[in-house]
Every structure is written in structure tokens, then in C-alpha cells.
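User: Please take a close look at one part of this model. I want the contacts across the helices, with rings, charges and core taken in turn.

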Amino acid sequence: MNQAKRKELFAWINKVSFMAYDMALYLDTHPDDEQALAFFQKYEQMRRQALDAYAAQFGPLNLDSINNEDHWHWATQPQPWEGGYC
């Protein structure tokens with residue numbers, strides 16, 4: 001069950017990240033498009049929330065979601081070749 005939740009959350013992160021990055025590329029050439037900016041902000045917020053949820057349950061996926069206040073967790077979680085991330 002936990003592995004299924006992990007895969008589901010990882011897939012969601014990929015989806016919202018794609019949308020945020022795609023809109024960021026669009027905004028590079030259309031910086032005054034307010035509708036596109038609002039769309040980007042929405043998906044970037046969803047991305048950050050998903051990364052935070054993943055990090056809280058399974059450990060950080062990237063440097064943006066590391067909580068290193070008491071321990072450097074990045075090095076202690078399973079790596080991809082060890083079954084980590086997805």
C-alpha cells in the first residue's frame with residue numbers, strides 16, 4: 001500500500017512539474033501574459049505541495065524539499081538504484 005501511494009504521488013509530481021516547467025518556458029517568450037502567469041503560479045504551488053508531501057512521507061526528491069534542520073536526510077534515504085523515488 002505504501003509503495004502504491006509513493007508511485008501515485010511521484011506520478012502526480014511529474015505531471016504538475018511538467019505543467020509548471022512548460023508554462024515557465026512559455027512565459028520566457030510571453031512575459032506579459034497574465035493568464036499564463038496565473039496558470040504557472042497555480043501549478044508551481046501544486047508542485048511544491050506535492051514535493052513537500054512526498055518528502056514528509058518518503059524523503060526529499062530534490063534539494064528544494066530537503067529539511068536539514070536536524071539531520072542531512074538526503075544521504076540517508078534509498079537511492080533510485082536501491083528502490084527509492086518511485
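Analyst: What follows starts at one arginine and works outward to the rings and the core.

This is a predicted model, in which local features need pLDDT of at least 70, side-chain atom pairs count only at pLDDT 80 or more, and totals for chains, interfaces and linings use all residues. Residues are numbered from 1 along each chain as its sequence is written, and side-chain values use heavy atoms, with hydrogens and water left out.

Start with Arg47. Arg47 sits in helix 2; helices here are DSSP runs (H or I, at least four residues), numbered from the N terminus. At 5% relative accessibility, Arg47 is buried. The cut-offs are under 20% relative accessible area for buried, over 50% for exposed, and partly exposed in between (1.4 Å probe, protein chains only). Leaving out residues up to four places away in sequence, Arg47 touches Val16, Ser17, Ala20, Tyr21, Asn62 and Asp64. Contact here means heavy atoms within 4.5 Å.

One of those neighbours is Tyr21. Tyr21 belongs to helix 1. Its side chain makes a polar contact with the side chain of Arg47, at 3.0 Å. A polar contact is a pair of N or O atoms within 3.5 Å; within protein, one must be able to donate a hydrogen and the other to accept it, and residues adjacent in sequence count only if both atoms are side-chain atoms. Tyr21 is partly exposed, at 48% relative accessibility. The C-alpha atoms of Tyr21 and Tyr43 are 9.1 Å apart, with their positions 22 residues apart along the chain.

Now the charges. The whole structure has two salt bridges, each a side-chain nitrogen of Lys or Arg within 4 Å of a carboxyl oxygen of Asp or Glu. Glu44 and Arg47 form a salt bridge at 3.2 Å, N to O. Both lie in helix 2, three residues apart, about one turn of the helix. Glu44 also pairs with Arg48, the closest N and O atoms being 3.1 Å apart. Arg48 and Glu44 are four residues apart in helix 2, so about one helical turn separates them. Glu44, Arg47 and Arg48 are thus linked in a network of salt bridges. Glu44 is buried at 13%, whereas Arg48 is partly exposed at 48%.

Next, the rings. Three aromatic pairs turn up in the whole structure. Rings of Phe, Tyr and Trp (its six-membered ring) pair if their centres lie within 6.5 Å; planes under 30 degrees apart count as stacked, over 60 as edge-to-face and the rest as tilted. Phe10 and Tyr54 have ring centres 6.4 Å apart and planes at 55 degrees, so they are tilted. Phe10 is in helix 1 and Tyr54 in helix 2, 44 residues apart, so this pair links distant parts of the chain. Phe10 is partly exposed at 21%; Tyr54 is buried at 0%. Phe39 and Tyr43 also form a tilted pair, 4.7 Å centre to centre with 40 degrees between the planes. Phe39 is partly exposed at 29%, while Tyr43 is buried at 16%. Ring pairs join Phe10, Tyr54 and Phe58 into a cluster.

Last, the core. A nonpolar core is a set of buried Ala, Val, Leu, Ile, Met, Phe, Trp, Tyr and Cys residues joined through side-chain atoms within 4.5 Å. The largest one has seven residues: Leu9, Ile13, Ala50, Leu51, Tyr54, Phe58 and Leu61. Helix 1 (2-29) and helix 2 (34-58) each supply at least two of them. Helix 2 gives the largest share, four residues. Leu51 touches Ile13, Leu61, Asn62 and Ser65, again without counting residues up to four places away in sequence.

Technical notes:
Helix = DSSP H or I, 4+ residues; strand = E, 2+ residues; numbered from the N terminus.
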